[in-house]
Amino acid sequence: MTDDHSDLPPPGVPPGPPPPPTPTGQISGTTWLGFAAVVALAVAVSLEEDGDNGWGRIGVWAAFAIAAALATLAPAVREPLRLTPARAAQVAVAGGIGLAAFWVLFVLPVIERNVSFLATLGCVAGCWAAWRAPGRPGAAGPAPGRRPGPGGQAPPAW
Amino acid sequence: MVAGGPPGAGRLLAAAALCVVSLGLAWGAGDHAPGYRADARAVLVPAAVALAVAARRRTAGTRRTARVALAALCALAVLAVSRALPAAAASALGAAALGTPRVWPEAAARAGAAWRGALSR
């Protein structure tokens with residue numbers, strides 16, 4: 001969701017420890033979620049139900065959904081694409097927002113269909129991958145530099 | 001208050017739940033289509049998500065998003081009244097009324113003063 005400058009560390013506060021890196025050669029859970037989103041959505045728009053499939057019904061929007069799911073994989077492929085961690089997280093969040101919009105506009109009205117269940121699972125996986133994207137503020141523990149309140153949790157801003 | 005949650009989290013979660021319940025009510029203009037098929041879903045689903053997130057994460061960004069969601073719910077209530085759908089209007093107004101005192105206390109105070117003024121007249 002939306003985070004603004006209130007998550008940035010105040011001036012003079014030293015940044016916290018960076019998130020632990022994923023061991024080389026090991027695929028993170030976030031990557032698996034993004035991969036599951038791509039597969040689930042590709043299958044959901046390709047399976048035929050009631051004499052038609054997603055490519056016939058919504059055409060380009062089906063491709064949009066798959067592209068949005070692919071965008072949630074950006075943190076996993078940021079090095080070949082030369083993306084900074086923050087930029088990769090932004091791309092993943094944009095993919096998650098695209099998946100949410102796709103679900104509201106095209107999946108929810110036909111939620112009783114079997115392929116809609118699969119598409120819903122894909123959208124949930126993609127949005128979860130975007131939510132957990134490394135580099136996104138608040139993705140893993142408190143934001144760097146945020147001072148915890150009593151009990152170890154940051155105090156509510158409002 | 002929700003156990004372990006910030007103050008007012010229960011109200012915001014109840015408002016989000018009311019948005020989800022509204023998806024089952026009639027929202028369509030002529031055909032009385034359910035909310036999950038009508039155009040109102042474009043507001044109800046994001047509003048439910050925004051209010052649920054605001055119940056747990058209290059940042060300036062989540063507050064701004066929740067305020068937009070509450071304003072959109074009020075607009076949706078007007079739309080429901082114009083379509084002669086009292087249940088849908090009541091649910092949208094109810095969700096807005098549940099969330100406003102926590103998210104937008106100034107607007108809640110103004111609405112309360114206006115209501116008291118109308119009653120005293």
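## Exercises on a two-chain helical model

The largest nonpolar core has 71 residues, and those with the most contacts inside it are A:Leu41, A:Ala92 and B:Leu51. Such a core is a set of buried Ala, Val, Leu, Ile, Met, Phe, Trp, Tyr and Cys residues joined through C-beta atoms within 7 Å. Buried means 20 or more other C-beta atoms within 10 Å of the residue's own; 12 or fewer is exposed, and in between is partly exposed, with C-beta atoms placed from the backbone.

The model is predicted: local features need pLDDT of at least 70, side-chain atom pairs count only at pLDDT 80 or more, and totals for chains, interfaces and linings use all residues. Residues are numbered from 1 along each chain as its sequence is written, while chains are lettered from A and ligands numbered from 1 in the order in which they are written.

**Exercise 1.** Find which helix gives the largest share of this core.

*Solution.* Start with the contributors. Helices are DSSP runs of H or I with at least four residues, strands are E runs of at least two, and both are numbered from the N terminus. Several helices each supply at least two core residues, including helix 1 (29-46) of chain A and helix 2 (41-56) of chain B. Helix 2 of chain B gives the largest share, 10 residues.

**Exercise 2.** List what A:Leu41 touches beyond four places away in sequence.

*Solution.* Apply the contact rule: C-beta atoms, placed from the backbone, lie within 7 Å. The partners are A:Ala65, A:Ile66, A:Ala69, A:Ala119 and A:Gly122.

**Exercise 3.** Describe how helix 3 of chain B packs on helix 4 of chain B.

*Solution.* Take the angle first. Helix 3 (residues 60-82) and helix 4 (residues 86-103) of chain B pack at about 155°, with axes 8 Å apart. Axes are lines fitted to C-alpha atoms over the stretch in contact, and angles run from 0 to 180 degrees between N-to-C directions. The pair is therefore roughly antiparallel (over 145 degrees; under 35 is roughly parallel, 65 to 115 roughly perpendicular, the rest oblique). Now classify the contact residues: 15 are nonpolar, 2 polar and 2 charged. Here Ala, Val, Leu, Ile, Met, Phe, Trp, Tyr, Cys and Pro count as nonpolar, Asp, Glu, Lys and Arg as charged, and the others, Gly among them, as polar.

**Exercise 4.** Repeat this for helix 1 and helix 2 of chain B.

*Solution.* The angle is about 165°, and the axes are 8 Å apart. Helix 1 of chain B is therefore roughly antiparallel to helix 2 of chain B. Their contact has 14 nonpolar, 1 polar and 1 charged residues.

Key:
Two residues are in contact if their C-beta atoms, placed from the backbone, lie within 7 Å.
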